[in-house]
Amino acid sequence: MLNIHDKQRVITGKVRFIQLKLQPSGNRNRENGTAYLITVLIPKSDAATKRKMDAAVHGAIEEGVRVRWKETNCLTVSSPVRDGDSMADQVCHGHWVLTATAKPDEKPGIVDRDFQPILNSNDIFAGMYGRVSLYFAAEDLASGTGIGVYVKNIQKLEDGTDLDDSRANLEVDFIESA
């Protein structure tokens, strides 16, 4: 069980969700042990969350050296937090970008602003704003050592512009073809 004071655990400030896969999908994700996935944008102005993430990464590296990797040079461990200014997608600029996953049997809890469970999947979408509970852990990756990030819980704070381009808009589809 996670301790709220665990240095590898982070509760973010307000973030924007740009990718949400919170319904278990097919065998492809189950094969690599991932069923749920979120990608969040953390504003660079949120220095407190960035400090907590940096400390969690450091804690995960310490855990990895002590327990998992033994003699691995921790200078080769890459951080899972990416600089959105270096990404092609303009929506990422001015943010730190982080992707977190969860295993099929560890579905994240999802609540609204008042901590009431959100049961309707249509209420959760890429573009909304919220907070997220994350856990950073040492991992053995195909490319070497690294830090995995696991989503534990999600709190929706407010709606935002829907960023999911994969959902077809009925009116646009049929007006354009008329």
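**Figure 1. Helix H2 and its buried residues.** In this predicted model, helix H2 tucks away Thr-49, Lys-50, Met-53, Ala-56, Val-57, Gly-59, Ala-60, Ile-61 and Gly-64, which are buried. H2 covers residues 47-68. How far apart should the ends of H2 be, going by 1.5 Å a residue? Its 22 residues should span 32 Å, and the end C-alpha atoms sit 30 Å apart, so the two values agree.

**Figure 2. The largest nonpolar core.** Here we have a set of 35 residues, the largest nonpolar core of the model. The residues with the most contacts inside this core are Phe-17, Ile-38, Leu-98, Phe-136 and Ile-154. At least two residues of the core come from each of these elements: strands E2 (15-21), E3 (36-43), E5 (95-102), E7 (129-141) and E8 (144-158), plus helix H2. Which element gives the most to the core? That would be H2, with five residues.

**Figure 3. Phe-136 and what surrounds it.** Phe-136 is among the residues with the most contacts inside the core. Skipping neighbours within four places in sequence, Phe-136 has quite a list of contacts. From H2, it is in contact with Met-53, Ala-56, Val-57 and Ala-60, and these four helix residues are themselves buried. Phe-136 is also in contact with Gln-8, Val-10, Pro-80 and Leu-98. Rounding out its contacts are Ile-147, Gly-148 and Val-149.

**Figure 4. Gln-8, a buried polar side chain.** Gln-8 is found in the segment before strand E1 (9-11). Is Gln-8 buried or exposed? With 7% relative accessibility, Gln-8 falls under the 20% cut-off and so counts as buried. What does the side chain of Gln-8 reach at 2.7 Å? It goes for the backbone oxygen of Phe-136. Beyond four places in sequence, Gln-8 is in contact with Ala-56, Gly-59, Ala-60 and Glu-63. Its other contacts are Leu-134, Tyr-135, Phe-136 and Ala-137.

**Figure 5. Strand E3 between its pairing partners.** Seven of the eight residues of E3 are buried, so the strand is largely enclosed by the rest of the structure. E3 pairs with E2 in the antiparallel sense over five bridges. Eight bridges join E3 to E5, and these two strands run antiparallel as well. For landmarks, look for Arg-16 standing opposite Leu-41 of E3, and for Val-40, whose bridge partner in E5 is Leu-98.

**Figure 6. Thr-39 and Thr-99, side chain to side chain.** Thr-39 has its place in strand E3. It counts as buried because its relative accessibility is 4%. Which side chain makes a polar contact with the side chain of Thr-39? It's that of Thr-99, at 2.9 Å. Leaving out residues up to four places away in sequence, Thr-39 touches Arg-16, Phe-17, Ile-18 and Gln-19. Thr-39 also touches Val-97, Leu-98 and Thr-99.

**Figure 7. Leu-41 and a long reach along the chain.** Leu-41 is another residue found in E3. Its relative accessible area is 1%, so Leu-41 is buried. Cys-92 lies 51 residues away along the chain, yet the C-alpha atoms of Leu-41 and Cys-92 are separated by 6.7 Å. Setting aside neighbours within four places in sequence, Leu-41 is in contact with Val-15, Arg-16 and Ile-18. The rest of its contacts are Val-91, Cys-92, His-95, Trp-96 and Val-97.

**Figure 8. Phe-115, out in a loop.** Phe-115 is found in the loop between strand E6 (109-111) and E7. Is Phe-115 buried or exposed? At 57% relative accessibility, Phe-115 counts as exposed. Have a look at the backbone too: phi of Phe-115 is near 65°, a positive value in a residue other than glycine.

**Figure 9. The whole chain, with a word on confidence.** The protein has three helices and eight strands, which run β-β-α-β-α-β-β-β-β-β-α from the N terminus on. Of its 178 residues, 39% count as buried. Among contacts with a separation of 6 or more, 71% come from residues 24 or more positions apart. Mean pLDDT is 82, and 76% of the residues reach 70 or more. Where does pLDDT stay under 50? That happens over residues 27-31, for which the model has four contacts beyond four places in sequence.

Key. Residues are numbered from 1 along each chain as its sequence is written. This is a predicted model: local features need pLDDT of at least 70, side-chain atom pairs count only at pLDDT 80 or more; totals for chains, interfaces and linings use all residues. Side-chain values use heavy atoms; hydrogens and water are left out. A nonpolar core is a set of buried Ala, Val, Leu, Ile, Met, Phe, Trp, Tyr and Cys residues joined through side-chain atoms within 4.5 Å. Buried means under 20% relative accessible area, exposed over 50%, partly exposed in between (1.4 Å probe, protein chains only). Contact means heavy atoms within 4.5 Å. The expected span of a helix is 1.5 Å times one less than its number of residues. A polar contact is a pair of N or O atoms within 3.5 Å; within protein, one must be able to donate a hydrogen and the other to accept it, and residues adjacent in sequence count only if both atoms are side-chain atoms. pLDDT is the predictor's confidence in each residue, from 0 to 100. Two strands pair if DSSP finds at least two bridges between them.
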